[in-house]
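Me: I should like to understand how the descriptive terms applied to a protein model are justified. Please set each value against its definition and then conclude.

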Amino acid sequence: MGAPDIASKKRLTYLLGIIGFLFLLLLGRLFYVQVIWGPELQEKALLQWTLDSSLSAERGRILDRDGQTLAQSGTAYKVEINPQRIAAGERMRIATELANVLDMDYEYVLKRVSENKQQIILKRQISREQMDELISYNLGNGVTFGIDTMRYYPMGTLLSQTLGFTTVDGVGQEGLERSYDKYLAGEAGRLITETDRDNMPLAYGSQEYIEPVDGCDIVLTTDSVVQSILEKKLEEALEVNNAKSAQGLVMNPKTGEILAVSTKPDYDPNAPPRSDLETLQQLVKQRVVCDAYEPGSTFKVVTLSAAIDSGAMSLSHTFDCGGSKDVNGERIKCWRAKGHGHQTLEEAVRNSCNPAFMTMALSMGKETFYDYIYKFGFGSSTESGLTGESSGIVIHQKYVRDNNIARIGFGQSIAVTPIQLATAVSAAINGGELMQPYIVKQVIGEDGEIKKENQPTVVRRVVSKETSATVRTILESVVAEGSGKNAQIAGYRVGGKTGTAQKYVDGKVSSGSLIASFVGFAPADDPEYLCLILVDEPQVGVIFGSTVAAPFVKDVLQETLLHYGVLPEGQQETVLVPNVVGMSAKQAAAELKKVGINANFVEGEEEASVVNQVPFAGDSVIKDSDVLLYTTATSVDVIASVEETMVTVPNVMGKTPFAVYNLLTAAGLELRMEPEEQSGIAVRQKPEAGTQVPFGEKVTVDFSLVE
């Protein structure tokens, strides 16, 4: 009996072991299903038991300083499909109707309605008319509609580059829509509803509602009226000068508030040309902050301010201009070939005499002049809040020689952005303080709470109040008696400075590409408004900032002053500009002379017919103003001279940076190092040694440490 009992016990032990092992496997499986796999299964179960709908948050508005709506979200609709609730026999009919009404590809729609998914957004931002038409086709409960939003810009092209636009999904893609997207977007909500096996809501099922949080409103410093004035004048400047582009900016020089900013041509953010990316990229650029250019004579405001403030110059200084100035053996020309003769400081500024400004710059010395250049904000971003802002180009001080200093003095050999220039001129005339320009005034939450607010910010003092007052007086004389007289406004005191600068094309000065500009401000004794307009590559006969840009600055300032209730004072004799279009230039000049206005046209075009005029017929101008005549014979005639001297590039291979700099400087060339901080010896140069290049050309040299 003993042996069988032992065998039975062994079998029972094995059986219990097997049962225990199976039990452990079961426990492991339960642990895996409930703990490891549980969340995924729970999520799948919830998808079967519930319908989770996203509730869009309303995107915040963008408003101007007076509360005018510039961008807002309007109501639209979206088409949603639930393929599991569409019968197989109905798919082709439903796909056909959807594709026709929504203007979508039929094969794509058929594929979507045939997928094994619960809910798909087929198309967003459809109109009410499209939705009503689809409802009339009785497409069944597999096709539903929801409320959607779309971005709408009620003022069309106004301020388009600044505002930018959004994607179809309402995400900021360009401009302020992009840079302030985190404030504008808000947070989407959710509606979770219990459903039956057919995905229909249960009559007594529970719902979870997570309310969306609407986006913040953005309030700008811009004024839609002033913006409209600026854009209208830029359109006129673009058209009448047959230019590549026209850029403009109006700001308060005391506070840095940007009242208007634009680049023409532009686009309509309601329908941006998304299918042509190259064109779109050009149109969305806010060139006022993106593009750096040689400012030419408008930069003389900076040189003048620095020279007076540093003590290098005073009103008692005089200059002699014979048409050029020799600097280190280089003959640098004045814009007026025969020169300006003997002149006072104030006369030199009115004449925009290049040699006088070379003398001012050189009299300060490199270190002092560069200190002022940086104090005025050149070489760094203004942090205006406008997207895509660049820093301009200032040659590193250690590579600058007297020839460069002389050229920088009258606005060459330095590249600035229009907003940098406007900000610097504001500092020169507002009492001497550099103000940070800004475009966004406030960010306001949906509850009315101010989330962010910008106030006028003084970056630094640049020149003294006394210097600023002197500069204002001199610049007022430029408009009253000098090259800026086309910016005169009857009853107002106006100051300003003209500018005509050559452009660089492929790294070289282009003899046929100019930028004409004018910066003006009013009232001259207590500036409230500053306007800068640039006309890029005007295709006209006489290219001066005084004729191509100044008349449009005058119009912008005059209408802005009236808009803000600044009334004219005193009496100045004004006349109405007669219509001389269709006359010969000679006849037109005689007709204009009868009313006391001067005609300005290209020499040799006396018998050609006038096809356009600026100012336009019917405009009121101060007596003795100029009218620019465009004739059938008008062609581009570059006013500014191009240095024609050619030099030979020396061989700099194997030499240290300092030795290369000295060698190139002696040859009348400039050293370019990218990046600037390099050491070792020269291992590569472009152009190569022996190449003939224009005087002042840049030579790129790479250096490397030799082991």
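Me: How many residues does the protein have, and what share of them count as buried?
Reply: In this predicted model, the protein has 707 residues, of which 49% count as buried. Buried means a relative accessible area under 20%. The protein exposes about 32,800 Å², and carbon and sulfur atoms supply 51% of that area. Its secondary structure comes to 22 helices and 31 strands.

Me: Why is Ser426 called buried?
Reply: The relative accessible area of Ser426 is 3%. The cut-off for a buried residue is under 20%, and Ser426 is therefore buried. Ser426 belongs to helix α17. Beyond its neighbours within four places in sequence, Ser426 is in contact with Met251, Pro253 and Leu530.

Me: What makes a set of residues a nonpolar core, and which residues have the most contacts inside the largest one?
Reply: The members must be buried residues of certain kinds, among them Leu, Ile, Phe and Val, joined through side-chain atoms within 4.5 Å. The largest nonpolar core has 103 residues, and those with the most contacts inside it are Leu220, Leu304, Ile373, Phe376, Phe378 and Val701. Helix α17 (residues 418–429) supplies the largest share of this core, eight residues. Another core, of 35 residues, lies apart from it and includes Ala237, Ala487, Phe552 and Leu561.

Me: Which residues is Ile373 in contact with, leaving aside its neighbours within four places in sequence?
Reply: Ile373 is in contact with Phe299, Phe378, Val394, Ile408 and Ile414. The word contact is used because heavy atoms lie within 4.5 Å.

Me: Why are helices α3 and α4 called oblique to each other?
Reply: Helix α3 (residues 91–102) and helix α4 (residues 106–113) pack at an angle of about 130 degrees, and their axes are 9 Å apart. Roughly perpendicular requires 65 to 115 degrees, and roughly antiparallel requires over 145. The angle fits neither range, nor the one under 35 degrees for roughly parallel, and α3 and α4 are therefore oblique. Their crossing is right-handed. Among the residues that make the contact are Met92, Ala95 and Leu98 of α3, together with Tyr106 and Val109 of α4.

Me: How do you know that Leu134 is buried?
Reply: Leu134 has 1% relative accessibility, and the limit for buried is under 20%. Leu134 therefore counts as buried. Leu134 lies in helix α5 (residues 128–136). Its contacts, leaving aside neighbours within four places in sequence, include Val79, Leu98 and Phe145.

Me: Why is Gln125 called partly exposed, and what is notable about its phi?
Reply: At 23% relative accessibility, Gln125 is not under 20% and not over 50%, and therefore counts as partly exposed. Gln125 lies in strand β4 (residues 120–126). Its phi is near 55 degrees, a positive value in a residue other than glycine. Most residues other than glycine have a negative phi.

Me: Is Ser413 buried or exposed, and where is it found?
Reply: With a relative accessible area of 14%, Ser413 falls under 20% and is therefore buried. Ser413 is found in the loop between α16 (402–409) and α17. Ser413 has a positive phi of about 60 degrees although it is not a glycine.

Me: Which peptide bond, from Lys264 to what residue, is cis?
Reply: The bond from Lys264 to Pro265 is cis, with omega near 5 degrees. Pro265 is placed in the loop between β10 (258–264) and α10 (277–283).

Key
Residues numbered from 1 in each chain as written. Predicted model: local features only at pLDDT ≥ 70, side-chain atom pairs only at ≥ 80, totals over all residues. Heavy atoms only, no water. Helix = DSSP H or I, 4+ residues; strand = E, 2+ residues; numbered from the N terminus. Buried < 20%, exposed > 50% of the residue type's maximum accessible area, 1.4 Å probe, protein only. Areas by Shrake-Rupley, 256 points an atom, 1.4 Å probe, with all protein chains shown as cover. Axes fitted to C-alpha atoms, helices over the stretch in contact; angles between N-to-C directions. Left-handed = near helix turned anticlockwise from the far one by under 90°.
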